[in-house]
Amino acid sequence: MAQHQPIRKTTPPSGSDIPDKLYFRIGEVAKLCDVPAYVLRFWESEFPQLKPHKGGTGQRLYRRRDVEMALRIKSLLYNEGYTIPGARQVFKSELRHSEPQLALTIEGAPTSIDSRQLRKLHKDLRELHTLLSKSPARPTVHPIRAPRTSTAPRRTPEKLFNLPLLPEEDKS
């Protein structure tokens, strides 16, 4: 039985193999990642984390973290066998695990909750909601023009087009 060989014979560059530069052009990133430039442009549309800066000439300028992100995307898709939606899920789960939610602490606040105070706050919020839900007593927007006070009768649409018929011409 034949053994399976990896598709790519070269190992992908690691973060230490990336040159120490401020910006990289798309061709340089394509060579570092060993993928065509159009693949990088496609990944930009699929992964919001990969957003290179566009210079004054419109060229994509990748920073080091963008190059590392492109290498990570390539590794997930080509080496680990993820689909694009699967790779997006990996990034979401990594983001969720890497940024724990901080606890909200208010200095000087009592540690126990007073149920009477909570009920009063709830009642006050309900009253505020009903007050804001009411329609205003007078309109808040005032008309620019004063209403018409003309004594001339207004024409209705029926009277506008109530014209006398023209005599028909003889067709004989």
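In this predicted model, a nonpolar patch lies on the surface, formed by Ile113, Leu118, Leu121, Leu125, Leu128, Leu131 and Leu132. Together these residues have about 760 Å² of accessible area. One of them, Leu125, sits in helix H5, which spans residues 115-133.

Helix H2 covers residues 37-46. Four of its residues are buried: Val39, Leu40, Trp43 and Glu44. Viewed down the axis of H2, the buried residues fall within an arc of 150°, so they line one face of the helix. An α-helix has 3.6 residues a turn, so residues three or four places apart point the same way. The other side of H2 carries Tyr38 and Ser45, and both are exposed. The buried residues of H2 have three packing partners. These are helix H1 (26-33), strand E3 (60-62) and helix H3 (64-79).

The loop between H1 and H2 holds aspartate 34. Its phi is near 60°. That is a positive value in a residue other than glycine. Aspartate 34 has a relative accessibility of 38%, so it counts as partly exposed.

Beyond H2, the loop that leads to strand E2 (53-54) contains proline 52. Is this proline buried or exposed? Proline 52 counts as buried because its relative accessibility is 13%, and the cut-off for buried is under 20%. Its contacts were examined with neighbours within four places in sequence left aside. Proline 52 then touches Glu44, Arg60, Leu61, Tyr62 and Asp66. Glu44 is one of the buried residues of H2. Arg60, Leu61 and Tyr62 belong to strand E3 (60-62), and Asp66 lies in helix H3 (64-79). Proline 52 can also be set beside arginine 65. The two are 13 residues apart in sequence, and their C-alpha atoms are 9.5 Å apart in space.

Strands E1, E3 and E2 form an open sheet of three strands, in the order E1-E3-E2. The pairing is antiparallel. Strands of a sheet pair through backbone hydrogen bonds, either parallel or antiparallel. The edge strands are E1 (24-25) and E2, and each pairs on one side only. E2 and E3 are joined over two bridges, in the antiparallel sense. Across from lysine 54 stands arginine 60 of E3. Arginine 60 is also among the contacts of proline 52.

Note on methods
Residues are numbered from 1 along each chain as its sequence is written. This is a predicted model: local features need pLDDT of at least 70, side-chain atom pairs count only at pLDDT 80 or more; totals for chains, interfaces and linings use all residues. Side-chain values use heavy atoms; hydrogens and water are left out. Patches are made of residues with over 30% relative accessible area and no salt bridge: like charges are joined within 9 Å, nonpolar side chains (Val, Leu, Ile, Met, Phe, Trp, Tyr) within 5 Å. Accessible areas come from the Shrake-Rupley method with a 1.4 Å probe; for residues, only the protein chains shown count as cover. A salt bridge is a side-chain nitrogen of Lys or Arg within 4 Å of a carboxyl oxygen of Asp or Glu. Buried means under 20% relative accessible area, exposed over 50%, partly exposed in between (1.4 Å probe, protein chains only). The arc is that of the directions from the helix axis to the C-beta atoms. Contact means heavy atoms within 4.5 Å. Two strands pair if DSSP finds at least two bridges between them.
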